[in-house]
Amino acid sequence: AESFVARDSLILRGARAAVAQLMSARPLGPAHRLIERRTRRLLNLRIPGALDRVVRQLRSGATLPLALRSVGEDDPVFARISAELGQGRSLSDTVEDWRQEDELPNRQLTATALNLASQTGGASARVLDGVAVSLRERVALEREVAALSSQARASAVVLVVAPVVFAAAASMVDGRILDLLL
């Protein structure tokens, strides 16, 4: 019975090691990275709207940390900032950590504006509103570039495929066309 337990223990250890190896290999790594990149891009597109909500809070009399906490409770853009401010961290440290989380330009500009607004005070609502307008214009421009490049790719495919399809269709109608083309 002891040899069975020892052998069973070896089998279990081997199985655990194999499962651990598979888990560390991450066979779905490329799909995971694609989903993560898409999620980051979608959050990046939501920054102007989240900044608008922060601006509304500031104009209603809230302080910048309170506005960020309030917006971050409902919006994933500032959720991390909200959670860390709730734990008592300083706004500048929290925003700096949030900035370093990603190199996306919208996040970098937003973090700079938030740091500037927290350090200087004053008309922070106007500054953040201007940043939100700039980011909204940048997002619109990125979408237009994506649409135009997609249209150019589709046109290229049509220009390459159309003559071949036309030649094939014409040769089916009249076999002499195929002799002429070859």
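E101 is a good place to start: with 42% relative accessibility, E101 counts as partly exposed. Its side chain meets that of R107 in a salt bridge, with 2.9 Å from N to O. R107, by contrast, is buried, and its relative accessible area is 8%. Keep in mind as you look around that this is a predicted model.

Let us step back to the whole chain for a moment. The protein chain has eight helices and zero strands, and reading along the sequence gives the pattern α-α-α-α-α-α-α-α. There are 182 residues, of which 25% count as buried. The chain exposes about 12400 Å², and carbon and sulfur atoms supply 61% of that area. How much of the contact between residues at least 6 apart in sequence joins residues at least 24 apart? In this chain the share is 49%.

Now back to the charges. Side chains of opposite charge can pair when their charged atoms come close. The structure holds twelve salt bridges, and the pair we began with belongs to a network of them that links R80, E84, R89, D97, E101 and R107.

Another member of this network is worth a visit. E84 sits in helix α4, which covers residues 79–86. Is E84 buried or exposed? E84 has a relative accessible area of 12%, and it counts as buried because the cut-off for that word is under 20%. E84 forms a salt bridge with R89, where the closest N and O atoms are 2.6 Å apart. R89 is partly exposed, at 32% relative accessibility. Setting aside neighbours within four places in sequence, E84 is in contact with R89, T94 and D97. Of these contacts, R89 and D97 are also named in the salt-bridge network.

A further salt bridge can be found between D74 and R53, with the closest N and O atoms 3.5 Å apart. D74 lies in helix α3 and R53 in helix α2, so this pair ties together parts that are 21 residues apart in sequence. D74 is exposed, with a relative accessible area of 58%, while R53 is partly exposed at 27% relative accessibility.

Helix α3 spans residues 64–74, and L64 lies in it. What does L64 touch, leaving aside its neighbours within four places in sequence? L64 is in contact with V54, L58, L91, L114, A117, S118 and L128. One of these partners, L114, is 50 residues from L64 in sequence, yet the two are 8.4 Å apart in space, C-alpha to C-alpha. L64 itself counts as buried, at 7% relative accessibility.

Our last stop is on the surface. Here R33, R37, R38 and R41 gather in a patch of positive charge. If you would like to find one of them, look for R37 in helix α2, which runs over residues 29–59. R37 counts as partly exposed, with 47% relative accessibility.

Key. Residues are numbered from 1 along each chain as its sequence is written. This is a predicted model: local features need pLDDT of at least 70, side-chain atom pairs count only at pLDDT 80 or more; totals for chains, interfaces and linings use all residues. Side-chain values use heavy atoms; hydrogens and water are left out. Helices (H or I, at least four residues) and strands (E, at least two) are DSSP runs, numbered from the N terminus. Buried means under 20% relative accessible area, exposed over 50%, partly exposed in between (1.4 Å probe, protein chains only). Contact means heavy atoms within 4.5 Å. Accessible areas come from the Shrake-Rupley method with a 1.4 Å probe; for residues, only the protein chains shown count as cover. Patches are made of residues with over 30% relative accessible area and no salt bridge: like charges are joined within 9 Å, nonpolar side chains (Val, Leu, Ile, Met, Phe, Trp, Tyr) within 5 Å. A salt bridge is a side-chain nitrogen of Lys or Arg within 4 Å of a carboxyl oxygen of Asp or Glu. Lys and Arg count as positive and Asp and Glu as negative; His and the chain ends are not counted. The place of a charge is taken as NZ of Lys, CZ of Arg, CG of Asp or CD of Glu.
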